[in-house]
Amino acid sequence: EDDHVAIRKAVTAGFFYHTARLQRSGTSYRTIRNSQYVHAHPNSALHEAMPRWVIYHELVLTTQEYMRQVIEIQPDWLVEIAPHYYSAQDIKDDSRKKLPKGGGMAPRKT
């Protein structure tokens, strides 16, 4: 588990500017800095899981704007890794807000 966290933090360090947060509807994401509506690509393993916070590698425009190569992150990593880019206000805790059933958390491996 610690190795997975370290790998996800390393990816976050390289792509911190490609961050998106799940919207209350539970069907789309919004990029943090540009407030652009995006979706997880249908071929993504996280397409149905819909974690609350993600980092993506690239956006692809087809019928919608899709994120490709997506991983789940913890929002506090953004301030830890890129304090020059994100503030605590950018990632304020919205975990108390209710999301649709099953939204906001990727399934955990057992």
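Analyst: We begin with a term: a residue is buried under 20% relative accessible area, exposed over 50%, and partly exposed in between. The model before us is predicted. In it Tyr85 has a relative accessible area of 26%, and is therefore partly exposed.

User: How is the strand arrangement to be read, and in what order do the strands of the barrel run?

Analyst: One follows the pairing from strand to strand. Here five strands form a closed barrel in the order β1-β2-β3-β5-β4, and the pairing is mixed. From one strand to the next, the twist averages 50 degrees.

User: Which way do β2 and β3 run, parallel or antiparallel?

Analyst: Strand β2, residues 29-31, and strand β3, residues 37-40, run antiparallel and are joined by two bridges. Arg30 has Tyr37 of β3 as its bridge partner. Five residues lie between the strands of this hairpin, and within the hairpin Ser35 takes a positive phi near 55 degrees.

User: How many bridges join β3 to β5, and in which direction do the strands run?

Analyst: Two bridges join β3 to β5, the strand of residues 65-72, and the two run parallel. His39 has Tyr66 of β5 as its bridge partner, while Ala40 stands opposite Met67, also in β5. When reading along such a strand, one should recall that in a regular strand side chains alternate between the two faces of the sheet.

User: Where does helix α1 lie with respect to the strands?

Analyst: Helix α1, residues 2-15, lies across β1 (19-22), β4 (53-61) and β5. Its direction makes an angle of about 50 degrees with β4.

User: What may be said of Leu22: is this residue buried or exposed?

Analyst: One reads the element and the accessibility together. Leu22 belongs to strand β1, and its relative accessibility is 4%, so it counts as buried. Sequence separation and spatial separation are then worth setting side by side: Leu22 and Val54 are 32 residues apart in sequence, with a C-alpha to C-alpha distance of 8.3 Å.

User: Where is Ser28 placed, and which residues does Ser28 touch?

Analyst: Ser28 is in the loop between β1 and β2. Its relative accessible area is 8%, so Ser28 is buried. Leaving aside residues up to four places away in sequence, Ser28 touches Arg21, Leu22, Gln23, Tyr37, Val38, His39 and Met50.

User: How is a salt bridge recognised, and how many does the structure hold?

Analyst: The step that matters is the distance: a side-chain nitrogen of Lys or Arg must be within 4 Å of a carboxyl oxygen of Asp or Glu. The structure holds two salt bridges. One of them joins Lys9 to Glu80, with the closest N and O atoms 3.3 Å apart. This pair links distant parts of the chain, for Lys9 is in helix α1 and Glu80 is in helix α2 (residues 76-81), 71 residues apart. Lys9 is partly exposed, its relative accessible area being 26%.

User: Which residue forms a salt bridge with Arg33?

Analyst: Asp90 does, with the closest N and O atoms 3.8 Å apart. Here too distant parts of the chain are linked: Arg33 is in the loop between β2 and β3, Asp90 is in the segment after α2, and 57 residues separate them. Both partners are partly exposed: Arg33 has a relative accessibility of 43%, and Asp90 has a relative accessible area of 21%.

User: How many aromatic pairs does the whole structure contain, and what is the geometry of Phe16 and Tyr17?

Analyst: One examines the distance between ring centres and the angle between planes. A search of the whole structure finds four aromatic pairs. Among them, Phe16 and Tyr17 are edge-to-face, at 5.4 Å centre to centre and 80 degrees between the planes. Phe16 is buried at a relative accessible area of 15%, whereas Tyr17 is partly exposed at 39% relative accessibility.

User: Why is the pair of Phe16 and Tyr85 given its class?

Analyst: Planes over 60 degrees apart count as edge-to-face. The planes of Phe16 and Tyr85 are at 70 degrees, with ring centres 5.2 Å apart, so the pair is edge-to-face. Phe16 is in the loop between α1 and β1 and Tyr85 in the segment after α2, 69 residues apart, so this pair links distant parts of the chain.

User: Which residues form the aromatic cluster, and over the face of which ring does Arg33 lie at 4.4 Å from the centre?

Analyst: Phe15, Phe16, Tyr17, Tyr85 and Tyr86 make up one aromatic cluster. Arg33 lies over the face of Tyr85, 4.4 Å from the ring centre, and also over the face of Tyr86, 5.9 Å from that ring centre. Arg33, it will be recalled, also forms the salt bridge with Asp90.

How values were computed. Residues are numbered from 1 along each chain as its sequence is written. Side-chain values use heavy atoms; hydrogens and water are left out. Two strands pair if DSSP finds at least two bridges between them. Helices (H or I, at least four residues) and strands (E, at least two) are DSSP runs, numbered from the N terminus. Axes are lines fitted to C-alpha atoms, for helices over the stretch in contact, and angles run from 0 to 180 degrees between N-to-C directions. Contact means heavy atoms within 4.5 Å. Buried means under 20% relative accessible area, exposed over 50%, partly exposed in between (1.4 Å probe, protein chains only). Rings of Phe, Tyr and Trp (its six-membered ring) pair if their centres lie within 6.5 Å; planes under 30 degrees apart count as stacked, over 60 as edge-to-face and the rest as tilted. A charge sits over a ring if NZ of Lys or CZ of Arg is within 6 Å of the ring centre and within 35 degrees of the ring normal.
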